[in-house]
Amino acid sequence: MTNTKKGRVFSGARPTGRQHLGNYLGAIRNYVALQDDYDCVYCVVDLHALTTLEDTDKLRGWTYEMTLDWLAAGMNPDLGTIIFVQSHVPQVTELHLLLSMATPLGWLTRLPTFKDKVRQQPDNVNYGLVGYPVLMAADIALYKADVVPVGVDQAPHLEFTREIVRRFNHHFGEVLIEPQAKHTEFTKVLGIDGEQKMSKSLDNHIEIAASPEEIEQRVMQMKTDPARKFRSDPGHPEVCNLFSLHSFFSADQVAQIEQDCRGAGIGCVQCKRLFAQNLSAHFAPFRERRAELAKDPDVVWDVLAEGARRASVIASEVISEVKDAIGLPKPR
Ligand code: SF4
């Protein structure tokens with residue numbers, strides 16, 4: 001059978017356990033959609049998670065929970081998608097080392113993300129933290145990805161990968177592929193505080209696997225239009241975080257909600273209830289699939305084992321090409 005796909009996509013996410021709305025709208029739904037047009041390689045990047053050296057005892061559980069969410073959301077090995085754990089394909093660490101030889105140190109220490117990390121964890125500025133973008137480049141280059149889905153805030157990271165690949169190819173020949181960015185549609189989701197990006201560590205998130213009761217409880221805590229003090233005050237949907245989420249989860253009602261909000265025809269509590277219902281209904285089939293998959297934990301680990309096996313086939317070929325191009329002596 002001929003492959004009619006447009007090329008190969010690679011994306012990785014740190015294992016963070018149960019996924020939230022920000023993960024879903026910013027990444028997961030794009031991961032699912034890309035399967036129609038691309039050969040997809042999706043990776044749980046557990047090695048990247050080590051740069052902070054916190055909570056390492058949670059890595060296995062979080063890998064399981066995140067993969068369970070991915071599968072329940074529709075990321076599907078039966079469509080040819082490879083889903084695997086980064087450390088299960090150790091060739092990435094080899095390529096990381098080889099690419100590091102072609103990466104000037106100044107490039108790494110000048111990166112704003114590195115400087116931010118130094119500020120955040122001054123007592124743990126480890127070697128891995130400096131080399132983090134090289135490991136990221138190795139992740140992408142190892143699978144000869146043509147395309148990487150990125151939000152606007154991640155675009156500089158991909159550009160860095162492209163620079164490393166260009167430099168490597170300049171030295172050793174056109175071995176690696178310079179990946180193109182595929183900009184995703186919904187990049188930043190604010191948390192229930194309405195101020196900061198939704199994040200588990202800030203506890204301002206809503207899990208996609210949350211029960212209807214949990215969803216309602218979290219939604220009721222959401223900040224809305226701060227200028228709307230009384231039910232009779234007209235609202236300003238353009239400054240309301242909840243309204244921006246309505247436009248995704250209540251698409252067929254959003255025009256009416258906007259009109260009712262501006263004319264004080266609906267109160268925020270009522271509006272939140274409606275949102276909680278729609279959100280809960282949207283994820284009802286997901287919750288069902290998740291519960292079904294969770295009956296046998298081996299399902300997730302088997303998917304990851306098969307994914308690692310298939311990823312290793314690609315990785316072994318690419319690492320051989322890279323070593324050949326560099327001129328490393330071959331074993332007999
Ligand atoms: S009525 Fe709805 S859209 Fe308007 S401010 Fe309140 S929560 Fe936001």
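**Exercise 1. State where Glu163 lies and classify its exposure.**

Glu163 is found in helix 7 (helices are DSSP runs of H or I, at least four residues, numbered from the N terminus). The model is predicted: local features need pLDDT of at least 70, side-chain atom pairs count only at pLDDT 80 or more, and totals for chains, interfaces and linings use all residues. Residues are numbered from 1 along each chain as its sequence is written, and side-chain values use heavy atoms, without hydrogens and water.

Relative accessibility of Glu163 is 29%, so the residue counts as partly exposed (buried is under 20% relative accessible area, exposed over 50%, partly exposed in between; 1.4 Å probe, protein chains only).

**Exercise 2. Describe how helix 3 packs on helix 13.**

Take the geometry. Helix 3 spans residues 91-100 and helix 13 residues 298-326; their axes are 10 Å apart, at an angle of about 25 degrees. That makes the two helices roughly parallel (angles under 35 degrees).

Next, the contact (heavy atoms within 4.5 Å). Helix 3 supplies Gln91, Glu94, Leu95 and Leu98. Helix 13 supplies Ser312, Ala315, Ser316, Ile319, Val322, Lys323 and Ile326. Of the residues in this contact, six are nonpolar, three polar and two charged.

**Exercise 3. Find the buried face of helix 3 and its cover.**

List the buried residues: Gln91, Val92, Leu95, Leu98 and Leu99. Look down the axis of helix 3: these residues fall within an arc of 120 degrees, so they line one face. Now the cover: it includes helix 6 (127-142), helix 7 (155-172) and helix 13.

Conventions
Axes are lines fitted to C-alpha atoms, for helices over the stretch in contact, and angles run from 0 to 180 degrees between N-to-C directions. Angles under 35 degrees count as roughly parallel, over 145 as roughly antiparallel, 65 to 115 as roughly perpendicular and the rest as oblique. Ala, Val, Leu, Ile, Met, Phe, Trp, Tyr, Cys and Pro count as nonpolar, Asp, Glu, Lys and Arg as charged, and the others, Gly among them, as polar. The arc is that of the directions from the helix axis to the C-beta atoms.
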